[in-house]
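I opened this entry to record how the helices pack against one another and where the nonpolar side chains gather. I take the helix pairs before the cores.

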Amino acid sequence: MLPYLAEFLGTMMLIMLGDGVVANVTLNKSGMKGAGSIQITLAWGLAVMVPACIFGAASGASFNPALTIALAAIGKFSWAMVPGYIIAQIAGGCVGGIIVYLMFKDQFDATEEAGPKLGVFSTGPSIRNIPRNLFCEAVATFVLVFALLGFGNVAGAGTVGVSNLFVFGIIVSIGMSFGGLTGYALNPARDLGPRIAHAILPIKGKGDSNWSYGLVVPIFGPIIGGLAGALLYAAIPW
């Protein structure tokens, strides 16, 4: 039971901090409105690192169905636990999104445009081109999973605390290099859970939840890329 609870709480915290910084920077009447993409990118790295430090020993701190599936595919995680992990991760993402809305409700009400409101909860492309958007998410998640596994070859990388700094570095690097393309979801739960929250919450003037994009790119792109990264890592005779 503890691993599933850890995945739920860890993903919830990840979304609280990650979606929180987007709300902080983009919504009207926020004291940090306009702070920009650098703050968002650094904060997302920290949003992944903080719960990873807390819950790593309890669950492995996946918080990501694409990573969970990739690890199972190369024998580093039990397939029997995959469905429970994914459910916990998506539920945690949804609850995290709801908490962000409750915290920033006044700022949501003060923001007229629907786009920034959806952008707090979920990712989207700068130029909509579904095949290329899918490719971009796959490549970015390939880097994430391959790097996470690859850092295991670094002497001392398994030291408590050091490994989580590597996680922070990977997320920030991917965000700064690829974030302007699709918002670097990297994680179906990070996008689907909060997108569900956006769909069910009574957000003033929210518009639609862009399911035609959300049910394709941020779900299948990360899964494809994660599998590719894990399988390549496993095939290399280290």
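Working from a predicted model, I looked up helix 3 (residues 65-73) and helix 7 (residues 130-150), and I find that their axes come within 11 Å and cross at roughly 55°. Because angles of 65 to 115 degrees would count as roughly perpendicular and those under 35 as roughly parallel, I enter helix 3 as oblique to helix 7. I note the handedness of this crossing as right-handed. On the side of helix 3 the contact is made by Ala66, Leu67, Ala70 and Leu71, and on the side of helix 7 by Thr141, Val145, Leu148 and Leu149. Sorting these residues of the contact of helix 3 with helix 7 by class, I get seven nonpolar, one polar and no charged.

Next I turned to helix 7 and helix 11 (residues 217-235), which pack at an angle of about 40° with their axes 6 Å apart. I therefore enter helix 7 as oblique to helix 11 too, and I record that helix 7 passes helix 11 in a right-handed crossing. From helix 7 the contact draws on residues including Ile130, Glu137, Thr141, Phe142, Val145 and Leu149, while helix 11 contributes, among them, Val217, Phe220, Gly225, Gly229, Leu232 and Tyr233. By class I list 15 nonpolar, seven polar and one charged residues for the contact of helix 7 with helix 11.

I then asked which residues have the most contacts inside the largest nonpolar core. That core has 36 residues, and the ones I noted as having the most contacts inside it are Trp44, Phe108, Val120 and Phe121. At least two residues of this core come from each of helix 1 (2-26), helix 2 (37-59), helix 4 (82-103), helix 6 (114-121), helix 7 and helix 8. I followed Val120 further and, leaving aside its neighbours within four places in sequence, found it in contact with Asp19, Val22, Ala23, Thr26, Leu27, Val100 and Phe108. I also logged a second, separate core of 13 residues, which includes Leu67, Ala72, Val145 and Tyr233.

My last query was whether Asn164 is buried or exposed. Asn164 has its place in helix 8 (residues 162-182), and its relative accessible area is 12%, so I count Asn164 as buried, the cut-off for that being under 20%. Once its neighbours within four places in sequence are left aside, Asn164 is in contact with Met49, Ala52 and Cys53.

Conventions: Residues numbered from 1 in each chain as written. Predicted model: local features only at pLDDT ≥ 70, side-chain atom pairs only at ≥ 80, totals over all residues. Heavy atoms only, no water. Axes fitted to C-alpha atoms, helices over the stretch in contact; angles between N-to-C directions. Helix = DSSP H or I, 4+ residues; strand = E, 2+ residues; numbered from the N terminus. Parallel < 35°, antiparallel > 145°, perpendicular 65-115°, else oblique. Left-handed = near helix turned anticlockwise from the far one by under 90°. Contact = heavy atoms within 4.5 Å. Nonpolar A, V, L, I, M, F, W, Y, C, P; charged D, E, K, R; others polar. Buried < 20%, exposed > 50% of the residue type's maximum accessible area, 1.4 Å probe, protein only. Core = buried A, V, L, I, M, F, W, Y, C linked by side-chain atoms within 4.5 Å.
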